[in-house]
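Visitor: I have a model open on my screen and would like to learn how to read it. Could you walk me through a few features?

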Amino acid sequence: MFGAISVYAGNIEYNSIKGEIRNGMTSPMAYLLANLIVQVPMMLLMALCISVPFFAIGGFPWEGFVYAFLLYAANMWVWESMGQFFALGANPIMGMLNYANIWFAAALFCGLLFRGVDVIWPIRLLYYILPFKYLFGGISWAIYKDAEYSGAEACPAGLDCAGRDFYCPNDVTGGLQCWGRTGLEVLRSGSYLYEVVSPTDYYLFDLLMLLAQAFVYKALQFVMLYTKSMANQRAKPPQLQRANNSKPKAKVPSA
C-alpha cells in the first residue's frame, strides 16, 4: 500500500527524464533497461528481508524458503512496475489513487474473503488478473507442503472421521480445529474454507502469472513513455543558408 508513494516519486523522475529523451541524451529503451538493472536486485533484496524473518518467526519449514522468496520478489516487482506505469500520468495524485484502488481490489479478490466463483461476471475477472491470488496461493503451498503437526492421528478402522484420513483425539469442536497431521492435509482442510488454498502444486503457474503481470506493466510503461516523450519531437530537415542571406537576382536579358 505504501508503494503509492513511489508513484509520486516516479512522476518527478519522469518529468526529468522526459527532457533528456527529447534532447537526444538517452532513449526510452535505455532508460528502462538501466532502471531494470537496478530494480530487479532491489526486489530480490527486499524479498530476502521479508522472507528470512517470516520463516524464522513463523517456524515454517525452511524447505519452502526459496519458493516463498521468489514469490515475494515477483509480487513486489508487479506492484513496483504498476507504480511506475501510473507515474507517467499527467497528475501524480490520480496515479496514486489508481494504485491504491487496485491494491484494495487485489486484497478483496484474493480468495481469502470469498470464493471467486461466487462473483458474477465480468467482476469475477478481477479475481484472475490481480496478483494477490497467486501470491497467497503459492505462499500457502510453499510454507505448508513440508510441515508436520502434532495432535492429529491416523483415522483407525471403524471410526467415523468425516471422510478424512485423520482425527484429533483431544478435539472438542467436532473437527473444526483438527486440520491434519501433515502440511498437505492442512492445505486440503483449508481448501474447504479458502478457495485460494490448495494441496495441489500450482507454484510454477502462480510464479509465472506474477511475472507475466510485471512484464505487462513494463510493456505499458515503455509504450506510454515512448509516446509521451517523443510526441513533440519531429525531425527537421537541414536548411541551407547563403552567405549573404539574400535571394539570387534574376538576370536581365541584354538588348
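Guide: Here is a short tour, feature by feature.

Guide: First, the ground rules: this is a predicted model, in which local features need pLDDT of at least 70 and side-chain atom pairs count only at pLDDT 80 or more, while totals for chains, interfaces and linings use all residues. Residues are numbered from 1 along each chain as its sequence is written, and side-chain values use heavy atoms, with hydrogens and water left out.

Visitor: How many helices and strands are there in the chain?

Guide: Helices (H or I, at least four residues) and strands (E, at least two) are DSSP runs, numbered from the N terminus. The chain has eight helices and two strands. Reading from the N terminus on, the order is α-α-α-α-α-α-β-β-α-α.

Visitor: And what share of the residues count as buried?

Guide: Buried means under 20% relative accessible area, exposed over 50%, and partly exposed in between (1.4 Å probe, protein chains only). Of the 255 residues of the chain, 37% count as buried. As for contacts (heavy atoms within 4.5 Å), take those in the chain with a separation of 6 or more: residues 24 or more positions apart account for 66% of them.

Visitor: Can you show me a buried residue?

Guide: Try A4, in helix α1 (residues 4–22). Its relative accessibility is 8%, so A4 counts as buried. Leaving aside residues up to four places away in sequence, A4 touches M96 and Y99. The C-alpha atoms of A4 and A87 are separated by 9.5 Å, although these two residues are 83 apart along the chain.

Visitor: How do I read two helices that pack together?

Guide: Two packed helices are described by the angle between their axes and the distance between the axes. Axes are lines fitted to C-alpha atoms, for helices over the stretch in contact, and angles run from 0 to 180 degrees between N-to-C directions. Look at helix α3 (residues 65–86) and helix α6 (residues 132–144): their axes come within 9 Å and cross at roughly 170°. Angles under 35 degrees count as roughly parallel, over 145 as roughly antiparallel, 65 to 115 as roughly perpendicular and the rest as oblique. The helices α3 and α6 are therefore roughly antiparallel to each other.

Visitor: Which residues make the contact?

Guide: From α3 come Y67, A68, L71, Y72, N75 and W79, and from α6 come F132, Y134, L135, G138, I139, W141 and A142. Ala, Val, Leu, Ile, Met, Phe, Trp, Tyr, Cys and Pro count as nonpolar, Asp, Glu, Lys and Arg as charged, and the others, Gly among them, as polar. On that basis the contact of α3 with α6 has eleven nonpolar, two polar and no charged residues.

Visitor: Does helix α8 have something to look at in relation to those residues?

Guide: Find M209 in helix α8. With a relative accessible area of 24%, M209 is partly exposed, and M209 touches Y128 and Y134, not counting residues up to four places away in sequence. F205 is also in helix α8 (residues 203–229), and the C-alpha atoms of F205 and G138 are separated by 8.8 Å.

Visitor: What about aromatic rings?

Guide: A pair of aromatic rings is described by the distance of the centres and the angle of the planes. Rings of Phe, Tyr and Trp (its six-membered ring) pair if their centres lie within 6.5 Å; planes under 30 degrees apart count as stacked, over 60 as edge-to-face and the rest as tilted. A search of the whole structure finds 26 aromatic pairs. In one of them, the rings of Y144 and Y149 have centres 6.5 Å apart and planes at 45°, so the pair is tilted. Y144 and Y149 belong to one aromatic cluster with F54, F55, F60, W62, F65, F69 and Y72.

Visitor: Where does K145 lie?

Guide: A charge sits over a ring if NZ of Lys or CZ of Arg is within 6 Å of the ring centre and within 35 degrees of the ring normal. K145 lies over the face of W141, at 5.4 Å from the ring centre.

Visitor: Which residues does a cis peptide bond join?

Guide: Most peptide bonds are trans. Here a cis peptide bond joins W121 and P122, with omega about 5°. P122 lies in the loop between α4 (92–108) and α5 (125–129).
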